[in-house]
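Please report on how this protein holds its RNA partner. Cover the annotated positions and the nonpolar core as well.

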Amino acid sequence: MHDARLLLELGDEAVRRLARRGYTLDLAGLEALSSRRARAIGRVDELRAESKRAAGEVGRAAKAGSSSTEVPAELTALKERARELKDRIREAEDEVEAAEAALRDVLLTIPNLPSDDAPDGDSDADAVEVRRVGEPPAFGFTPRDHVALGEAMGILDFGRAAKLSGARFSVARGPGAVLERALASFFLALHTGRHGYTEFSVPHLVTRETMTGTGQLPKFEEDLFRTGTGDRDLYLIPTAEVPLTNLHADEILPAEELPLAYTAWTPCFRSEAGSYGRDTRGILRLHQFSKVELVRLCAAEESGRELETMLGHAETCLQELGLVYRVVRLAAGDMGFAAQLTYDVEVWLPSQDTYREISSCSDCGTFQARRAGIRAKDAHGGRGQVATLNGSGLPIGRTMAAVLEQCQDEDGSVTLPEALVPFTGFRRLLPDGSTD
RNA sequence: GGAGGAUUGGCCGAGCGGCCUAAGGCGCACGAUUGGAAAUCGUGUUGGGGCAACACCCCUCACGGGUUCGAAUCCCGUAUCCUCCGCCA
């Protein structure tokens, strides 16, 4: 969420920047809502000040009159005036509430301002390639996709997944399930051990307020799974970014403790509304997948540097696994609602002969922190703004698909990256489903 | 699910209808003192908002309502924590 005042100060600059992501900012409308709110608050404040003075007068009059036995007519009149004031305050308060709600409703739906570093455009085709790491392997045979490999080995079972839950779910079996767990353990060990992240285990169901803090709501309700059971109305998290970032909602953090670096391995639930027909095969796009997520909270002015740091952590995952990938900078119009600058890391998928997104690392600036009420204060009481960043490090399913495909041999077996072996306990997946 | 108790400023803790613009202590910051420090003394120290304004004003004693001219204080509801019973992994 933006600070209305800052947005108005930016003026045409804000209009120009939001236009880059296809959002038309109504400056005049915003100005009107903002001043309506200010006027309403000013009026309530005046009335309340008057009311307090009136109450004081009544108190003094009552005290002065308490010694005499007569009913003080003056006191009755004073009380009557105070009572009238109260009614007027109530009316004025209703207007404040209405004005604030109107302003807030608009502010909550304005996306973050894209950084000038984000290229123009509104699709993945407009992304700018930053670097390629590794050479796509040249197979002396036609590489199979992860579905063919996984089903042949009996470690992936889409038929039974569909029986249980319908389309866009997967079942992993035996060494497949072990590989999932191993990848998660490997990533977590890397981030907590070498990159300095603190691991969390967090709720997978969160409130509407929590979803609003990171920007999933109110605009993207249709992307989420919602449970309205009993007297609770909770949402399944689409990524651990949501609980991790909101851990400090409505808190004032000691500035000297920043940056905070958090990680968690959680399931992610996405409705994938509007993606009918896309990636229907395999484990690339599911309603439920698991992912190790990275979140950083830092001083506002550090966020650019922090993004590079976090991107490095995501890339390390791929480098350690020896996977071929590239890094692109997303176009202004292709970024998520809360992001001001996003790098996508794309892994090479031999079966598709292309790079596919495996990590998205975003600098959200102060956008989410302002929504979620995350602030900072230094030892001298100086206030500071907080920036939030999030990135995948990495999703388990897509990583597994990349490993299967990039590390496959002609006979249908897969030789795992050396780094995974301590976590799996085996180094090869064989075509018959056994391990070695 | 049921019964009882609790919730005050960074922390401890007073407060039980107007003098709460929240006592006192601890901590912290700044200053004085000192060769320097400790001790001591002084000043300051929740967080938001209106406004050109560190002036002034409003809100904030878990949260939301209510009673009253006036609520930290009385009433109702909610949340969280603690104790006990039930249930359960």
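The report takes the RNA surface, then the annotated positions, then the interior.

This is a predicted model.

**The surface near RNA strand B**

Start with the residues around the RNA. There are 21 of them, and Asp45, Ala55, Arg83, Lys86 and Arg375 come nearest to RNA strand B. By class, the surface near RNA strand B has 12 charged residues, seven nonpolar and two polar. Three elements each supply at least two residues of this surface: α3 (27-65), α4 (73-107) and β12 (374-377). Helix α3 gives the most, with 11 residues.

Which part of the RNA faces the protein? Of the atoms of RNA strand B within 4 Å of the protein, 80% belong to sugar or phosphate. The rest belong to bases. Individual atom pairs show both kinds of approach. Arg37 places a polar side-chain atom 3.2 Å from a phosphate oxygen of RNA strand B. For Arg375, a polar side-chain atom lies 2.6 Å from a phosphate oxygen of the strand. Ala55 uses its backbone: a polar backbone atom is 2.9 Å from a base nitrogen of RNA strand B.

| Protein residue | Protein atom | Atom of RNA strand B | Distance |
|---|---|---|---|
| Arg37 | polar side-chain atom | phosphate oxygen | 3.2 Å |
| Ala55 | polar backbone atom | base nitrogen | 2.9 Å |
| Arg375 | polar side-chain atom | phosphate oxygen | 2.6 Å |

**A coiled-coil annotation**

UniProt, in an unreviewed entry, lists residues 75-109 as "coiled-coil region". In the model, this span is 94% helix and 0% strand. The C-alpha atoms at its two ends lie 51 Å apart.

**The annotated binding site**

The unreviewed UniProt entry also carries a "binding site" annotation, which covers Thr239, Ala240, Glu241, Arg270, Glu293, Asn390 and Ser392. Two of these positions are described here.

Thr239 sits in the loop between β5 (234-236) and α9 (241-246). Is Thr239 buried or exposed? Thr239 counts as buried, because its relative accessibility is 5% and the cut-off is under 20%. Beyond residues up to four places away in sequence, Thr239 touches Cys268, Arg270, Lys291 and Glu293. Arg270 and Glu293 also appear in the annotation. A polar atom of the Thr239 side chain lies 3.0 Å from the backbone nitrogen of Glu241.

Asn390 belongs to strand β13 (residues 383-395). Its relative accessible area is 7%, so Asn390 is buried. Leaving aside neighbours within four places in sequence, Asn390 contacts Glu241, Glu293, Leu294, Val295, Met310, Ser360, Cys361, Ser362, Cys364 and Gln368. Glu241 and Glu293 are covered by the annotation too. The side chains of Asn390 and Glu241 are joined by a polar contact of 3.4 Å.

**The interior**

Which residues have the most contacts inside the largest nonpolar core? They are Leu183, Phe187, Leu318, Met400, Leu404 and Leu429, and the core has 59 residues. Take Phe187 as one of them. Not counting residues up to four places away in sequence, Phe187 touches Val292, Cys317, Leu321, Gly393, Leu394, Ile396 and Thr399.

Thr316 is found in helix α10 (residues 303-321). Thr316 is buried because its relative accessible area is 12%, against a cut-off of under 20%. Its contacts, leaving aside neighbours within four places in sequence, are Leu190, Arg194 and His195.

Terms used
Residues are numbered from 1 along each chain as its sequence is written. Chains are lettered from A and ligands numbered from 1 in the order in which they are written. This is a predicted model: local features need pLDDT of at least 70, side-chain atom pairs count only at pLDDT 80 or more; totals for chains, interfaces and linings use all residues. Side-chain values use heavy atoms; hydrogens and water are left out. Helices (H or I, at least four residues) and strands (E, at least two) are DSSP runs, numbered from the N terminus. Buried means under 20% relative accessible area, exposed over 50%, partly exposed in between (1.4 Å probe, protein chains only). Contact means heavy atoms within 4.5 Å. A nonpolar core is a set of buried Ala, Val, Leu, Ile, Met, Phe, Trp, Tyr and Cys residues joined through side-chain atoms within 4.5 Å. A residue is near a molecule or strand if one of its heavy atoms lies within 4 Å of it. A polar contact is a pair of N or O atoms within 3.5 Å; within protein, one must be able to donate a hydrogen and the other to accept it, and residues adjacent in sequence count only if both atoms are side-chain atoms. Ala, Val, Leu, Ile, Met, Phe, Trp, Tyr, Cys and Pro count as nonpolar, Asp, Glu, Lys and Arg as charged, and the others, Gly among them, as polar. UniProt positions are given in the numbering used here, feature names are shortened, and annotations may be inferred rather than shown by experiment.
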